[in-house]
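This report describes how the strands of one sheet are arranged and what packs against them. The sequence and structure come first.

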Amino acid sequence: MGLTSANLQRRRFLFCVLGFMLLGSVPAWLLAQEGKSPTRAELEKVADQSTAELTTIGRKSGKPHTTPIWFVYDQGRLYLQAGRGGKTDWYLNLKKNPQMTLKVGTLALSGKAKFITDPKEIERIHGLFASKYLRARLAGMVGSSIGHGKVVEVELQ
C-alpha cells in the first residue's frame with residue numbers, strides 16, 4: 001500500500017501543525033537567536049514586565065531548567081537576584097555554567113551571568129528591585145531578605 005500524493009500532503013500538514021503546537025512549550029534558550037543582541041528599545045519595551053523565564057543548564061543533570069524570576073532593567077542592563085544566600089538552584093547552576101537564556105514577554109535573550117560583588121553596586125541594584133517590586137519593599141521593611149539577594153548581571157550576547 002503506497003502513499004498517494006494527497007496522503008503525503010495530509011501527513012506533512014499534520015506534522016507542521018504538531019510542530020507548531022509543540023513550539024509553544026519549547027524553552028526560550030532554544031528559541032533565542034544566536035548573535036542577535038536585543039536593542040535598547042526592545043529591552044525598554046519589556047522592562048515593566050513582572051517576571052522573566054530564566055533557563056539554565058542543571059549543574060548535576062546537564063539538562064535545561066526553566067524558572068520564573070524577577071528582574072530589573074537599568075541603563076541597558078538586566079539584573080537578577082538570588083535569595084537564600086545564593087543557594088537557589090538557578091544561581092548554583094549559573095555558578096557552574098554561566099550561560100543562560102531569558103524570555104521576557106515575547107523577547108528571547110541569550111546571555112552570560114556576571115556575578116556582582118561590589119557592595120555599592122549590589123546596594124544600588126537592590127534599590128532597583130525595591131522600586132519595582134512592592135513585595136520586596138514591604139518584606140525589606142520587616143527584616144526579610146527578599147529584595148536583598150545575590151546579584152547577577154545578564155551580559156547579553
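Two strands count as paired if DSSP finds at least two bridges between them. By that rule, in this predicted model, strand β4 (residues 77–82) is joined to strand β7 (residues 150–156) by 5 bridges, and the two run antiparallel. Within this pair, leucine 78 has valine 154 of β7 as its bridge partner.

β4 also pairs with strand β3 (residues 72–74), in the antiparallel sense and over 3 bridges. β3 and β4 form a hairpin with 2 residues between them. Glutamine 75, in the turn, has a positive phi of about 50 degrees. Of the 6 residues in β4, 5 are buried.

The table lists three strand pairs and a bridge from each.

| Strand pair | Bridges | Residue and its bridge partner |
|---|---|---|
| β3 and β4 | 3 bridges | valine 72 and tyrosine 79 |
| β4 and β7 | 5 bridges | leucine 78 and valine 154 |
| β5 (residues 99–104) and β6 (residues 107–115) | 6 bridges | methionine 100 and glycine 111 |

How are the 7 strands ordered in the open sheet? The order is β2-β1-β5-β6-β7-β4-β3, with antiparallel pairing. β2 (64–70) and β3 stand at the edges with a single partner strand each, so one side of each has no neighbour in the sheet. From one strand to the next, the twist averages 35 degrees.

Two helices remain to be placed. Helix α4 (residues 89–96) lies across β1 (51–57), β2, β4, β5, β6 and β7, and runs at about 45 degrees to β1. Helix α5 (residues 119–132) packs on the sheet and touches β2, β3, β4 and β7. The direction of α5 makes about 90 degrees with that of β4.

Notes
Residues numbered from 1 in each chain as written. Predicted model: local features only at pLDDT ≥ 70, side-chain atom pairs only at ≥ 80, totals over all residues. Heavy atoms only, no water. Buried < 20%, exposed > 50% of the residue type's maximum accessible area, 1.4 Å probe, protein only. Helix = DSSP H or I, 4+ residues; strand = E, 2+ residues; numbered from the N terminus. Axes fitted to C-alpha atoms, helices over the stretch in contact; angles between N-to-C directions. Contact = heavy atoms within 4.5 Å.
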